[in-house]
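Student: I should like to understand how the labels given to a structure follow from their definitions. May we work through one together?

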Amino acid sequence: MIRSDLDNRLRELGIYSDFYYRKEIKPLAQMLGEYERLNCLLTGVHEGNRKMVAVTDRRIVILFTALGGGDVKIIRRESIKDWRFEKKLLFSSLTIETNGGASFTFTNTQGKLKDLFTWAMNEPIPAAE
């Protein structure tokens, strides 16, 4: 996906002004395929670092970029066992559990994005091509 397409999708979702400046956007655009549709984007603290969580129609991408390196985790949507988004006034949190037993908890997430995240996770997963 090219950056301008990603920027347009962020505008469609109404979250462009929240994320256009994030350094993770450039690598995210490079990771997303032409067939993939971004449905939600948020950040949260996981393992002591602020990370970006991108929910597409096919997978969840967890990005962490730092000076001199970074980390990417990809979770297929089919392998999500459970998820919980707890919206609180200041300290919302998100937990994603996989069928393989892995659990990812993000604290200090944007509570205002709970509805968008819920919609993204409830969207049907496209059939394999």
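Student: How many aromatic pairs does the count come to by the rule?

Tutor: The model before us is predicted, and in it the count comes to four aromatic pairs. One of them joins Y20 and Y21.

Student: What makes Y20 and Y21 an aromatic pair, and why is the pair called edge-to-face?

Tutor: Ring centres must lie within 6.5 Å to pair, and those of Y20 and Y21 are 5.5 Å apart. Planes over 60 degrees apart count as edge-to-face. The angle between the planes of Y20 and Y21 is 85°, so the pair receives that name.

Student: Why is Y20 called partly exposed?

Tutor: Exposed requires over 50% relative accessible area, buried requires under 20%, and partly exposed lies in between. Y20 has 42% relative accessibility and therefore counts as partly exposed. Its partner Y21 has a relative accessible area of 54%, so Y21 is exposed.

Student: Which residues form one aromatic cluster with Y20?

Tutor: Y16 and Y21 form one aromatic cluster with Y20.

Student: What lies over the face of Y16, and how do you know that the distance fits the rule?

Tutor: R11 lies over the face of Y16, at 4.0 Å from the ring centre. The rule asks for CZ of Arg within 6 Å of the ring centre, so the distance of 4.0 Å satisfies that part of the rule.

Student: Why is the pair of W83 and F117 called edge-to-face?

Tutor: The planes of W83 and F117 stand at 80°, and the cut-off is over 60 degrees. Their centres are 5.3 Å apart, which satisfies the limit of 6.5 Å.

Student: What makes this pair a tie between parts of the chain?

Tutor: W83 belongs to strand β5 (residues 80-86), whereas F117 belongs to helix α4 (residues 114-122), so the pair ties together parts that are 34 residues apart in sequence.

Student: Are W83 and F117 buried or partly exposed?

Tutor: F117 has a relative accessible area of 0%, so F117 is buried. W83, at 22% relative accessibility, counts as partly exposed, because buried means under 20%.

Student: How many helices and strands does the chain have?

Tutor: The chain has four helices and seven strands, in the pattern α-α-α-β-β-β-β-β-β-β-α along the sequence.

Student: Why is the chain described as being as compact as a globular protein of that length?

Tutor: The radius of gyration is 14 Å, close to the 14 Å that the globule rule gives for 129 residues, so the description applies.

How values were computed:
Residues are numbered from 1 along each chain as its sequence is written. This is a predicted model: local features need pLDDT of at least 70, side-chain atom pairs count only at pLDDT 80 or more; totals for chains, interfaces and linings use all residues. Side-chain values use heavy atoms; hydrogens and water are left out. Rings of Phe, Tyr and Trp (its six-membered ring) pair if their centres lie within 6.5 Å; planes under 30 degrees apart count as stacked, over 60 as edge-to-face and the rest as tilted. Buried means under 20% relative accessible area, exposed over 50%, partly exposed in between (1.4 Å probe, protein chains only). Helices (H or I, at least four residues) and strands (E, at least two) are DSSP runs, numbered from the N terminus. A charge sits over a ring if NZ of Lys or CZ of Arg is within 6 Å of the ring centre and within 35 degrees of the ring normal. The radius of gyration is taken over C-alpha atoms; the globule rule is 2.2 Å times the number of residues to the power 0.38.
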